[in-house]
Number of protein chains: 2
Amino acid sequence: MYSYEYLQKFTENVFSKMGCNAEEAALCADLFLSAEVRGIPSHGIIRIRDYYKLFKEKRINPGPDIRIVHETPSTAVVDADRAIGMIAAHYSMKVAIEKARQCGSGWVSTRASNHYGIAGYYAMMALEHDMIGISMTNANPLVAPLFSLSKMLGTNPIAVAIPAGKYPPFVADFATTPVANGKLTVAAKRGDDIPFGLLQDKDGNPCNDPAILGQGGSMLPLGGDYEHGSHKGYCLSAIVDIFSAVLSGANFGPFVPPFVSNLKANEKSVGEGTGHFFGAMRIDAFQPASEFKAKMDEWIETFKNASTTPGHDSVLIPGEPERLKEIEIRRDGISLINSVAVEIKGIADELGLEFEVR
Amino acid sequence: MYSYEYLQKFTENVFSKMGCNAEEAALCADLFLSAEVRGIPSHGIIRIRDYYKLFKEKRINPGPDIRIVHETPSTAVVDADRAIGMIAAHYSMKVAIEKARQCGSGWVSTRASNHYGIAGYYAMMALEHDMIGISMTNANPLVAPLFSLSKMLGTNPIAVAIPAGKYPPFVADFATTPVANGKLTVAAKRGDDIPFGLLQDKDGNPCNDPAILGQGGSMLPLGGDYEHGSHKGYCLSAIVDIFSAVLSGANFGPFVPPFVSNLKANEKSVGEGTGHFFGAMRIDAFQPASEFKAKMDEWIETFKNASTTPGHDSVLIPGEPERLKEIEIRRDGISLINSVAVEIKGIADELGLEFEVR
């Protein structure tokens, strides 16, 4: 087990060594640790190795000139100059929030970026400003659209954070696929089958082998198959792709560069880097904030107290599982898989940092 | 078979008799006929009876004072004064478009409205202005959230329309459930089973009986069950509900009034009427319009030409099936189920209008 503070400080030091200034390094560490404590370890410490390799291969720019290249009162395009995605996304969301402060809402499409970690982090930045926050990103292709055999879309997550009053905020943060890629990796390592309806093999047949992505197979969009609505999951993922990449001038669909360090960069490019899309809407651009929050409390109570299926005490409110996980992990500490800890130790040695394998 | 023009003129006359002015009656007719030709008859002529009964019971206001009650440069709340939803939605989307013209984007949340027909219609209004259009609405409860037995959410559709260049626009228009309620009605009438994964019975068991909604059962969110991602469909539907109703001051979740005429109004109200949410973003608030459209053409070509599963010639682009259906139906005419035509004839007689049962 590691304490939050130990891993936070270590991650900060890694990013400092990679050329980030103090503020940027702290931000990246906060993103990695947020993923760990919210129970999304696939976007946590395990990914340090990918960021470090991309840095060594000069596929990310440690000293980027991130800037607004076009704007209106309520919109902007940000060019991230190949920054670490977390730094690009944090900058872009701040632009969206400032625009919302000025004219009610702000919408930012970002290009020339990289993997940005957990989508919900940026959406949640809006909460302290009494705003609704929205965040989405495209990602390297793993998902076949309806009736296709080809990996054309990423897991393209959407996050929406909405302030409440006496209750914690509503925070939805979900990939537009039935399952996260990280869960497949874990199942494959364990040799477990997974349910049908999540994957297809290279010929388009339903498949329960979590390792099929490496054998020409692909993930299916949310819905799974046509009769269960996978055309809707495909639409949703496509909207994320277009808002993130076509609006900004980033690579779309199958051309999104891989952030996983053992995959090569694409041969063809149709834009610059990875794309994101952010939104912020001031609550009081619609309703007085206190009234809105009281109504959100009523919404949360209504759903929380709905009758439940056998074996469940209450209906979950989006964001609640991650919040409960965070309380638990901040209390108990963070555990790393031994092979991950060993890998991190190797990086620490290369960078001249201390790291203890526990 | 009926010609487009015959049903269009007839529907216009019905709405004129219900107290709409000429412009409003033409708009409502256009909405009903758009649903028919786009292959969504569940929102077409069959629904005239519901609107007519709601009108007779004074649950819709034929002479509403629709107005903006709060606004910022990029946002507004519209109070629809219990208008026909189509008239309220058309007004609101025009406000969103005008705000986008002024400051890049416009976002409108609408309360005290009613059923608004097909979501895609309003999203598509943005296209001729070189804008992206967004439309969503809550609806009377049919859907149980993850781990609940209760109908808490509507089929809450989302539509997004995005302009392209030489190709027709990208138009996604989908309910946040795996299947539309209209399809269940048809299956129940035919005595067909439907696939598992769309419905649950009153105890939360998987169910394939399309009539189960009348026996305490409920629809499931997109994803179907937890292991296939239904928590994501629940999140999506909840977001539509909150944007449409909590932002505007309409009824949310289980309190949304039914528009189906044989269902009674709710006993409890937490806001005014049904809620909608609309967005418009000027393309050139992000990219020069010609560059964006050329890139969208490239996006469409890339996806259209992806390798296909056996039995399919090409990957579908969102909006394509409805567009092909429209060409076919405008050529061949519109057929009505005999019982629907007979019912419409009864309404025509009451209103002193001509209608021929064919």
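Me: Which residues does A:Arg38 touch, not counting residues up to four places away in sequence?

Reply: In this predicted model, A:Arg38 touches A:Ile118, A:Met124, A:Val171, A:Glu322, A:Lys325 and A:Glu326. They are called contacts because heavy atoms lie within 4.5 Å. A:Arg38 itself is placed in the loop between helix H2 (22-37) and helix H3 (48-56) of chain A.

Me: Why is A:Arg38 said to have no salt bridge, and how far away is the nearest side chain of opposite charge?

Reply: That side chain belongs to A:Glu326, and the distance is 4.1 Å. A salt bridge requires a side-chain nitrogen of Lys or Arg within 4 Å of a carboxyl oxygen of Asp or Glu. The value of 4.1 Å does not meet that cut-off, so the pair of A:Arg38 and A:Glu326 is not given the name. A:Arg38 is nevertheless buried.

Me: What makes A:Gly229 count as buried or exposed?

Reply: The relative accessibility of A:Gly229 is 0%. Buried means under 20%, and therefore A:Gly229 counts as buried. A:Gly229 lies in the loop between strand S9 (218-219) and helix H7 (230-246) of chain A.

Me: Which residues does A:Gly229 touch, not counting residues up to four places away in sequence?

Reply: A:Gly229 touches A:Leu222 and A:Gly223, and also B:Pro178 and B:Leu222 of chain B. By contrast, the C-alpha atoms of A:Gly229 and A:His129 are separated by 36 Å.

Me: How many residues does the contact take from chain B and from chain A?

Reply: Chain B supplies 88 residues and chain A supplies 88 residues. The area buried between the two chains is about 7100 Å², and carbon and sulfur atoms give 71% of that area. On the side of chain B, B:Phe147, B:Lys232 and B:Phe286 lose the most area to chain A, together 11% of what that side buries.

Me: How many salt bridges does the rule find across the interface of chain B and chain A, and how many residue pairs in polar contact?

Reply: The rule finds zero salt bridges across this interface, whereas 34 residue pairs are in polar contact, both at pLDDT 80 or more. Helix H7 (residues 230-246) of chain B gives the most to the side of chain B that touches chain A, with 11 residues. By class, that side has 52 nonpolar, 26 polar and 10 charged residues.

Me: Which residues are buried in helix H6 (residues 181-190) of chain B?

Reply: B:Gly182, B:Leu184 and B:Ala187 are buried in this helix. The buried residues of H6(B) pack against strand S7 (199-200) and strand S9 (218-219) of chain B. Just after H6(B), B:Gly191 takes a positive phi of about 75°.

Note on methods
Residues numbered from 1 in each chain as written. Chains lettered and ligands numbered in written order. Predicted model: local features only at pLDDT ≥ 70, side-chain atom pairs only at ≥ 80, totals over all residues. Heavy atoms only, no water. Helix = DSSP H or I, 4+ residues; strand = E, 2+ residues; numbered from the N terminus. Buried < 20%, exposed > 50% of the residue type's maximum accessible area, 1.4 Å probe, protein only. Lys, Arg positive; Asp, Glu negative; His and termini not counted. Buried area = accessible area lost by both parts, 1.4 Å probe. Polar contact = N/O pair within 3.5 Å; in protein donor to acceptor, adjacent residues only side chain to side chain. Nonpolar A, V, L, I, M, F, W, Y, C, P; charged D, E, K, R; others polar.
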